[in-house]
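Visitor: Hi, I have a model open here and would like to talk it through. Could we begin with the charged pairs?
Guide: Happy to, let's have a look together.

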Amino acid sequence: MFQYAIRRILISIPILLVVLTLVFVVVRVLPGDPAVAALGDQASKEAVEALRAKMGLNDPLWLQYLKFLGSLCRGDLGTSIISGFPVAAQIASVVPYTLELTFLAVFLGYLFGIPLGISAAVRRNSFVDYFNRVFSLLGLSVPAFYLGILLILVFSVKLRVFPVVGGGEFGDIEDNLMHVALPALALGMMMTAYVTRMTRSSILDIMREDYVRTAHSKGLSDRKVLYKHVLRNALIPIVALGGLYVVVLIGSSVMVEIVFSRPGLGKLLVGAIKQ
């Protein structure tokens, strides 16, 4: 397992290098001058040239590329030409909000998804099974940002239970939870759908195994067989699913953070694109 992890990490290095190279080339090929964007169209030619020299834009392309890679290796992502603050510091200030939202969504996905998947598998082809399957299909089909808007209309505008926008303060646990509840629920519905479908299919596969039939033949109750033998083995792919879909949820959190005007990587990214 350790060797496999090391091998995968080594394979990702050239892929990451290719991606970084493409980003570097595309940014410099696209029309527009960062110095003009920072100073404005009315800036003098001397001021623009001075800023270009300060930013290293007058250096040869190969030298800019080497400086670019060297800065990345040191963890230096540069300084924003709009705000004037280091980019790494801006990212570090919003990452906790995105991670909080993502992992809380994963928690809600397991909290609701596993019981729903178990009930669907145990009562296969019954009303409960059909209902859970339709519910999980809706969770996969309805965009998280659209569900977030509906949650705001119901729980914030109509019922006034939760705040409409913002991320809350990490120092105030109650305030923080009140602000993260609706975004996490909107994002957690997607995770719940994945976990429900995976739990149902995994339990149905395990229930066909010989050792499960042997446990039934020994006179064990259905409940004991389910939780002691079936669910224990079915949880392996279910837990692995969480690690895979954390990345998916981080990507989906972009629109959710915008809908709830919540500080995070998504809002920072969109703001940077607009600027």
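Visitor: Which residue does Asp59 form a salt bridge with?
Guide: Asp59 pairs with Lys67, and their closest N and O atoms are 2.8 Å apart. Keep in mind that this is a predicted model.

Visitor: Are those two buried, exposed or partly exposed?
Guide: Asp59 counts as partly exposed, because its relative accessibility is 24% and the partly exposed class runs between 20% and 50%. Lys67 also counts as partly exposed, at 44% relative accessibility.

Visitor: And how many salt bridges are there by this rule?
Guide: The count comes to five. One of them joins Glu100 to Arg262, with the closest N and O atoms 2.6 Å apart.

Visitor: Where do Glu100 and Arg262 lie?
Guide: Glu100 lies in helix 5 (residues 87-122), while Arg262 is in the loop between helix 10 (222-259) and helix 11 (265-274), so the salt bridge ties together parts that are 162 residues apart in sequence.

Visitor: Are Glu100 and Arg262 buried or exposed?
Guide: Both Glu100 and Arg262 are buried.

Visitor: Good to know. What does Arg200 form a salt bridge with?
Guide: Its partner is Asp129, and the closest N and O atoms of the pair are 2.8 Å apart. This pair, too, links distant parts of the chain: Arg200 belongs to helix 8 (residues 173-206) and Asp129 to helix 6 (residues 127-141), 71 residues apart. Arg200 and Asp129 are both buried.

Visitor: Which residues are linked in a network of salt bridges there?
Guide: The network links Asp129, Arg133 and Arg200.

Visitor: While I'm on helix 8, what about Thr199?
Guide: Thr199 is found in helix 8. Its side chain reaches the backbone oxygen of Val195 at 2.7 Å. Thr199 has a relative accessible area of 0%, so it counts as buried.

Visitor: Changing topic: how many cavities of 30 Å³ or more does the structure hold?
Guide: It holds one. About 40 Å³ of space lies in the largest cavity.

Visitor: What lines the largest cavity?
Guide: The lining is made of Phe162, Pro163, Val164, Val165, Gly166, Met178, His179, Leu182, Pro183 and Phe260. Eight of the lining residues are nonpolar, two are polar and none is charged.

Visitor: And the largest pocket, what volume does it have?
Guide: The largest pocket has a volume of about 2200 Å³. Its lining takes in 47 residues, and those nearest the centre are Val27, Leu77, Thr79, Ile81 and Val87.

Visitor: Which elements give two or more residues to that lining?
Guide: They are helix 1 (2-29), helix 2 (34-39), helix 3 (45-55), helix 4 (61-73), helix 5, helix 10 and helix 11. Helix 11 gives the largest share, with eight residues.

Visitor: How does the pocket lining divide into nonpolar, polar and charged?
Guide: The lining of the largest pocket has 26 nonpolar, 13 polar and eight charged residues.

Visitor: Last one, on confidence: what is the mean pLDDT of the protein?
Guide: The mean is 82, and 99% of the residues reach 70 or more. Among the elements, helix 5 has the highest mean pLDDT, 88, and helix 2 the lowest, 75.

Terms used: Residues are numbered from 1 along each chain as its sequence is written. This is a predicted model: local features need pLDDT of at least 70, side-chain atom pairs count only at pLDDT 80 or more; totals for chains, interfaces and linings use all residues. Side-chain values use heavy atoms; hydrogens and water are left out. A salt bridge is a side-chain nitrogen of Lys or Arg within 4 Å of a carboxyl oxygen of Asp or Glu. Buried means under 20% relative accessible area, exposed over 50%, partly exposed in between (1.4 Å probe, protein chains only). Helices (H or I, at least four residues) and strands (E, at least two) are DSSP runs, numbered from the N terminus. On a 1 Å grid over the protein atoms alone, a cavity is a set of points where a 1.4 Å probe fits but cannot get out, and a pocket is an open set with protein on both sides within 12 Å along at least five of seven lines; lining residues have an atom within 4 Å of a point. Grid points are joined across faces, edges and corners, and a volume is the space filled by probe spheres set on the points. Ala, Val, Leu, Ile, Met, Phe, Trp, Tyr, Cys and Pro count as nonpolar, Asp, Glu, Lys and Arg as charged, and the others, Gly among them, as polar. pLDDT is the predictor's confidence in each residue, from 0 to 100. A polar contact is a pair of N or O atoms within 3.5 Å; within protein, one must be able to donate a hydrogen and the other to accept it, and residues adjacent in sequence count only if both atoms are side-chain atoms.
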